[in-house]
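Here are my notes on the model, set out as numbered points. Please read them with the structure open.

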Protein chains: 2
Amino acid sequence: MTDRLPPDILIGHLKEAELRVTPQRLAIYRALVASDAHPTAKDLFEQLQSTLPSMSQATVYNTLQALVEHGLIQEIAEAHDGAVHYDAETTPHINLICTNCHRIEDVLDVPLHDVAEQVTARSGYQFQNMRIAYYGLCPRCQQTLAADQPGE
Amino acid sequence: MTDRLPPDILIGHLKEAELRVTPQRLAIYRALVASDAHPTAKDLFEQLQSTLPSMSQATVYNTLQALVEHGLIQEIAEAHDGAVHYDAETTPHINLICTNCHRIEDVLDVPLHDVAEQVTARSGYQFQNMRIAYYGLCPRCQQTLAADQPGE
DNA sequence: ATGCATGCAAACTCTTTGCAAACGC
DNA sequence: GCGTTTGCAAAGAGTTTGCATGCAT
């Protein structure tokens, strides 16, 4: 778009945040950016077992915490499953959460600035971020449930 | 406003939900409806210690779970403090979350149906509920932080 | 070389569960 | 009286912490 995109743009993000570039951090960050499943710390830990067998759970938690603090990723706690999920998409957007299968999808193309501006104007808060959790049944689960319970 | 409000409207809600009306349930439900602080289970437990000293924490957790399942209250997990907060306001609205003092306020008068409709149309999801978390600095904390750190 | 990051294990918090006694309907 | 709800205590899950070793800068 502007310059060429180096293959290690994530390394650049880490350096700009003044975080040391360790293999663990880079692997966690890469896995999260590559995923669209909004994984938990445990998900990432298990996924990276094959690549970094010696990595500890604490490192995953510490790293995710560091990335959040430096604004590189965001937390999602809206899944109501007791675990914090993470999201590499840091701009305000909508999370679609299926109350049956508990998957989380992103909706990036519904504009939210109007809502944000209205809230800012009325509340006097200084805007930092916004997250919308939309709870519903995904199309797949609608069909499944309709088939299972024809009466309801 | 419309009719007279009977003092035990909450009892009616419990009965409509086919939940037995126990002193513990009523006290928890009342405390939550009366509060605008979006308390956690532990908050409610501690608050009700003086009224119901024999009540156990498990009862608070069980009761809140039952109230959520029957649609009388809602969970808020967006505070990112590791605990689930609860809200007696069950219509879609915006939660204003101060990232400095961690208080949660409601914004009830910003319309959200447009956003909900757009998402429903694009996603094919069957709408159930929506929750908006707006993160920012409340006016009080803006002043406090400005005074503490004049350079930033 | 300096000091931040990692790995390990224990600790901590929040929440859930099992079971007997108590209570609402 | 029947079946749900409570209270207690223990267990469970997710996350954090302390400290010595290792590694990025």
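1. The surface near DNA strand D is made up of 8 nonpolar, 10 polar and 4 charged residues. The model is a predicted one, and the points below should be read in that light.

2. In total, 22 residues surround DNA strand D. The closest are A:Tyr61 and A:Val84 from one chain, and B:Arg20, B:Thr22 and B:Arg25 from the other.

3. Which elements supply this surface? At least two residues each come from H4 of chain A, and from helix H2 (23-34) and H4 of chain B. H4(A) gives the most, with 5 residues.

4. Which part of DNA strand D faces the protein, backbone or bases? Of the strand's atoms within 4 Å of the protein, 75% belong to sugar or phosphate, and the rest belong to bases.

5. Three pairings with phosphate oxygens of DNA strand D can be checked by eye. A:Val84 places a backbone N or O atom 2.8 Å from a phosphate oxygen. B:Thr22 has a side-chain N or O atom 2.9 Å from a phosphate oxygen, and for A:Lys42 a polar side-chain atom lies at 3.2 Å. A:Val84 and B:Thr22 are also among the residues closest to the strand.

6. Turning to the pockets, the largest holds about 580 Å³ of space. Its lining has 22 residues, and those nearest the centre are A:Val68, A:Gln74, B:His80, B:Thr99 and B:Tyr135. Two or more lining residues come from each of helix H4 (57-69), strand E1 (74-76) and strand E5 (126-137) of chain A, and from strand E3 (93-98) of chain B.

7. Which element gives the most to the lining of the largest pocket? It is E5(A), with 5 residues. By class, this lining has 9 nonpolar, 9 polar and 4 charged residues.

8. The second largest pocket has about 500 Å³ of space. It is lined by 18 residues, and A:His80, A:Thr99, A:Tyr135, B:Val68 and B:Glu75 are the closest to its centre.

9. For the second largest pocket, strand E3 (93-98) is supplied by chain A, while helix H4 (57-69), strand E1 (74-76) and strand E5 (126-137) are from chain B; each of these gives at least two lining residues. H4(B) has the largest share, 3 residues. The lining divides into 6 nonpolar, 8 polar and 4 charged residues.

Terms used
Residues are numbered from 1 along each chain as its sequence is written. Chains are lettered from A and ligands numbered from 1 in the order in which they are written. This is a predicted model: local features need pLDDT of at least 70, side-chain atom pairs count only at pLDDT 80 or more; totals for chains, interfaces and linings use all residues. Side-chain values use heavy atoms; hydrogens and water are left out. On a 1 Å grid over the protein atoms alone, a cavity is a set of points where a 1.4 Å probe fits but cannot get out, and a pocket is an open set with protein on both sides within 12 Å along at least five of seven lines; lining residues have an atom within 4 Å of a point. Grid points are joined across faces, edges and corners, and a volume is the space filled by probe spheres set on the points. Helices (H or I, at least four residues) and strands (E, at least two) are DSSP runs, numbered from the N terminus. Ala, Val, Leu, Ile, Met, Phe, Trp, Tyr, Cys and Pro count as nonpolar, Asp, Glu, Lys and Arg as charged, and the others, Gly among them, as polar. A residue is near a molecule or strand if one of its heavy atoms lies within 4 Å of it. A polar contact is a pair of N or O atoms within 3.5 Å; within protein, one must be able to donate a hydrogen and the other to accept it, and residues adjacent in sequence count only if both atoms are side-chain atoms.
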